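Me: Please take a close look at one helix of this protein and describe its surroundings. Then place that part in the chain as a whole.

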Amino acid sequence: MDEALLKLVKEMRSYFSGFEGFKRNGYIFPSLSKGFDYPIGGHTPVRWMEELAEYNGLPHITYHGLRHSYVCYLSSKLGLTVYEVADRIGDTVAVVLEHYYQFFNQSKIDVANKITDKTDENIISLFEDDDD
């Protein structure tokens with residue numbers, strides 16, 4: 001868990017500590033209708049996502065869509081390896097490669113292009129005249 005998530009968990013715990021029935025070792029997101037012994041309902045986060053998108057004038061995206069975008073960001077923009085991405089999203093390397101292989105193939109192409117560009121520069125410099 002990174003520091004930002006740990007801070008969020010502590011804030012949630014602090015917020016809920018004022019509620020009757022709060023349990024320190026209970027759910028981070030408890031059911032407010034059933035109590036702290038139950039997790040938040042499965043549809044509640046979906047409803048939050050829909051309301052958030054509507055409020056901000058954004059298109060609706062599912063949690064799977066967010067996960068897909070996150071994996072794309074981690075691999076394409078941050079350059080994380082398939083092992084690092086699998087660890088970050090809590091999945092196996094095999095599952096990540098099965099579902100998101102295209103992101104890692106693009107990373108391989110980008111690396112090959114960088115190597116080729118640098119190699120071309122080095123070859124050209126071998127033939128340049130040093131007297132210029």
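Reply: A good place to start is V82, which touches V93, V96, L97 and F104 when residues up to four places away in sequence are not counted. The model is a predicted one, and the values below are computed from it.

V82 lies in helix α4. Its relative accessibility is 13%, so V82 counts as buried, the cut-off for buried being under 20%. Of its contacts, F104 is 22 residues away in sequence, yet the two C-alpha atoms are 7.2 Å apart in space.

Helix α4 spans residues 82-89, and its buried residues are V82, V85, A86 and I89. These residues cover an arc of only 100 degrees around the axis, and therefore sit on the same side of α4. The face turned away from that buried side carries Y83 and D87, which are exposed. Just after α4 comes G90, whose phi is positive at about 75 degrees.

The next element to consider is helix α3, residues 63-77, which packs against α4. The angle between the two helices is about 145 degrees, and their axes are 10 Å apart. Their crossing is right-handed. On the α3 side the residues that meet α4 are R67, Y70, V71, L74 and S75. On the α4 side they are V85, R88 and I89. Two of these, V85 and I89, also belong to the buried set of α4.

S75, one of the α3 residues in this packing, deserves a separate note. It is found in helix α3, and it is buried because its relative accessible area is 1%, where the limit is under 20%. The side chain of S75 reaches the backbone oxygen of C72 at 3.3 Å.

Elsewhere in the chain, another serine can be set beside S75. S31 is in strand β1, which covers residues 30-31. With a relative accessibility of 8%, S31 counts as buried. The side chain of S31 reaches a backbone nitrogen, that of K34, at 3.0 Å, whereas the side chain of S75 reaches a backbone oxygen. Leaving aside neighbours within four places in sequence, S31 is in contact with F36, Y38, P39 and I40.

Helix α1, residues 3-16, holds L8. L8 has a relative accessible area of 40% and is therefore partly exposed. L8 and I28 are 20 residues apart in sequence, with their C-alpha atoms 9.9 Å apart.

As for the whole chain, its secondary structure comes to five helices and two strands. In sequence order the pattern is α-β-β-α-α-α-α. Buried residues make up 17% of the 132 residues. The accessible surface is about 10600 Å², and carbon and sulfur atoms account for 57% of that area. Taking the contacts between residues at least 6 apart in sequence, 19% join residues at least 24 apart.

To return to the helix in question: α4 has a buried side made up of V82, V85, A86 and I89, while Y83 and D87 are exposed on the face turned away from it. V85 and I89, together with R88, meet residues of α3, and V82 has contacts that include V93 and F104.

Methods: Residues numbered from 1 in each chain as written. Predicted model: local features only at pLDDT ≥ 70, side-chain atom pairs only at ≥ 80, totals over all residues. Heavy atoms only, no water. Helix = DSSP H or I, 4+ residues; strand = E, 2+ residues; numbered from the N terminus. Buried < 20%, exposed > 50% of the residue type's maximum accessible area, 1.4 Å probe, protein only. Polar contact = N/O pair within 3.5 Å; in protein donor to acceptor, adjacent residues only side chain to side chain. Contact = heavy atoms within 4.5 Å. Areas by Shrake-Rupley, 256 points an atom, 1.4 Å probe, with all protein chains shown as cover. Arc of directions from axis to C-beta. Axes fitted to C-alpha atoms, helices over the stretch in contact; angles between N-to-C directions. Left-handed = near helix turned anticlockwise from the far one by under 90°.
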